Amino acid sequence: MSNIIQGKGSTGDFVHNSQEMGDKNNFRNVSKKWLDKCISFDQGLEKLYEGRSKNVDFEAPVSQFRPSLNAAGEMVIRDQNGGQDFRPSTHALNQLSRWAGVGNFLPSKLYGSKDPQDHEVLVRVFENGLRHIDQDKNLLWRTREDGTLRAVLSERYMEVDNEWLLKTLKEVIPGGLLSHWRGDADTIYGNVLIPDSIREESDGGYGGMLSVGNSEIGLRHLSSLPSVFRAICQNG
């Protein structure tokens with residue numbers, strides 16, 4: 001037999017006493033104004049699809065993507081086949097540094113410099129580091145249409161698909177809402193508010209939610225943490 005959790009003290013009372021709560025929307029412990037800022041699973045999926053339409057991934061050997069200088073004297077990663085230059089994100093730069101075995105501090109310092117000679121040195125650092133890798137070794141080069149290199153991963157990298165995650169959450173938490181939702185098509189994290197309609201207990205003392213996160217480019221692992229709250233205020 002389960003016990004109903006009863007709160008002690010007045011935590012959250014001011015929210016319930018002074019704000020319109022989402023009782024009619026199936027979230028009696030969440031301020032109606034905050035509910036209006038949350039998004040549905042379908043809206044979350046639409047954001048994913050919009051971002052993914054601009055992503056381009058290559059499974060290609062080390063030899064195909066080489067460090068080079070562009071016309072502005074900046075270090076870029078050039079696709080030897082297509083001729084396109086890609087500017088690494090901070091995350092991709094760190095991954096590339098690990099593949100080359102050159103540490104993170106020096107590449108980050110040189111890459112952030114406005115001095116073309118620093119970028120020339122960085123090209124040489126990467127060229128020297130990458131020559132120790134089998135040039136026929138396939139890597140997963142994740143890019144974006146705007147010329148961003150998002151990630152450099154092993155071809156065997158087993159990603160957990162963000163679309164699959166959201167669709168799974170939609171199935172197991174029907175009617176749930178995405179709150180404090182952040183990220184992009186590659187990395188997502190935030191809270192899933194659990195509607196009153198699927199809660200086992202009928203008491204209204206607490207609301208429930210699941211904090212989740214995942215990244216398809218290695219920024220974070222798949223995570224989930226259940227929690228309860230007394231009330232969510234109008235400002236979240």
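Colleague: What volume does the second largest pocket have, and which residues lie nearest its centre?

Modeller: In this predicted model, the second largest pocket has a volume of about 190 Å³. Its lining is made of 15 residues, and those nearest the centre of the pocket are Lys-47, Leu-48, Gly-183, Asp-184 and Ala-185.

Colleague: Which elements give two or more residues to that lining, and which classes of residue does the lining hold?

Modeller: Two or more residues come from helix α3 (41-52) and also from strand β9 (177-183), with α3 giving the largest share, five residues. Sorted by class, the lining of this second largest pocket has six charged, five nonpolar and four polar residues.

Colleague: Helix α3 also holds Gly-51; is Gly-51 buried or partly exposed?

Modeller: Buried means under 20% relative accessible area, and partly exposed means a value between that and 50%. Gly-51 has a relative accessibility of 21%, so Gly-51 counts as partly exposed. In sequence Gly-51 and Asp-186 are 135 residues apart, yet in space their C-alpha atoms are 8.3 Å apart.

Colleague: How should I read Asn-55 in strand β3, and why does Asn-55 count as buried or exposed?

Modeller: Asn-55 counts as buried because its relative accessibility is 18%, and the cut-off for buried is under 20%. Leaving aside neighbours within four places in sequence, Asn-55 is in contact with Thr-143, Arg-144, Arg-150, Ala-185 and Asp-186. With one of these, Arg-144, there is a polar contact between the two side chains, at 3.3 Å.

Colleague: How does one look for enclosed space, and how many cavities of 30 Å³ or more does a search of the whole structure find?

Modeller: Rolling a probe the size of a water molecule over the atoms shows where empty space is left. Here a search of the whole structure finds one cavity of 30 Å³ or more, and the largest cavity holds about 40 Å³ of space. Among the residues that line the largest cavity are Phe-27, Asn-29, Leu-193, Asp-196, Gly-208 and Phe-229. Strands β2 (27-31), β10 (187-194) and β11 (207-215) each give two or more residues to this lining, and the largest share, four residues, comes from β2. By class, the lining of the largest cavity divides into five nonpolar, three polar and two charged residues.

Colleague: Which residues touch the most other members of the largest nonpolar core, and which elements supply at least two residues of the core?

Modeller: The largest nonpolar core has 21 residues, of which Met-75, Ile-77, Phe-126, Trp-141 and Leu-149 touch the most other members. At least two residues of this core come from each of β5 (75-79), α4 (90-100), α5 (105-111), α6 (116-130), β7 (138-144) and β8 (148-154). Apart from this core lies another, of 13 residues, including Leu-45, Leu-48, Ile-188 and Val-192. Returning to Leu-149, and not counting residues up to four places away in sequence, the residues that Leu-149 touches include Ile-77, Phe-86, Pro-88, Ala-92 and Trp-141.

Colleague: Helix α5 also contains Tyr-111; is Tyr-111 buried or exposed, and which residues is Tyr-111 in contact with?

Modeller: Tyr-111 has a relative accessible area of 14%, so Tyr-111 is buried. Beyond its neighbours within four places in sequence, Tyr-111 is in contact with Met-75, Arg-87, Pro-88, Leu-93, His-119 and Leu-122. A polar atom of the Tyr-111 side chain lies 3.0 Å from the backbone oxygen of Pro-88. Tyr-111 and Val-121 are 10 residues apart in sequence, and from C-alpha to C-alpha they are 9.7 Å apart in space.

Conventions. Residues numbered from 1 in each chain as written. Predicted model: local features only at pLDDT ≥ 70, side-chain atom pairs only at ≥ 80, totals over all residues. Heavy atoms only, no water. Core = buried A, V, L, I, M, F, W, Y, C linked by side-chain atoms within 4.5 Å. Buried < 20%, exposed > 50% of the residue type's maximum accessible area, 1.4 Å probe, protein only. Contact = heavy atoms within 4.5 Å. 1 Å grid on protein atoms, 1.4 Å probe; cavity = no way out; pocket = protein on both sides within 12 Å on 5 of 7 lines; lining within 4 Å. Points joined across faces, edges and corners; volume = space filled by probe spheres on them. Nonpolar A, V, L, I, M, F, W, Y, C, P; charged D, E, K, R; others polar. Polar contact = N/O pair within 3.5 Å; in protein donor to acceptor, adjacent residues only side chain to side chain.
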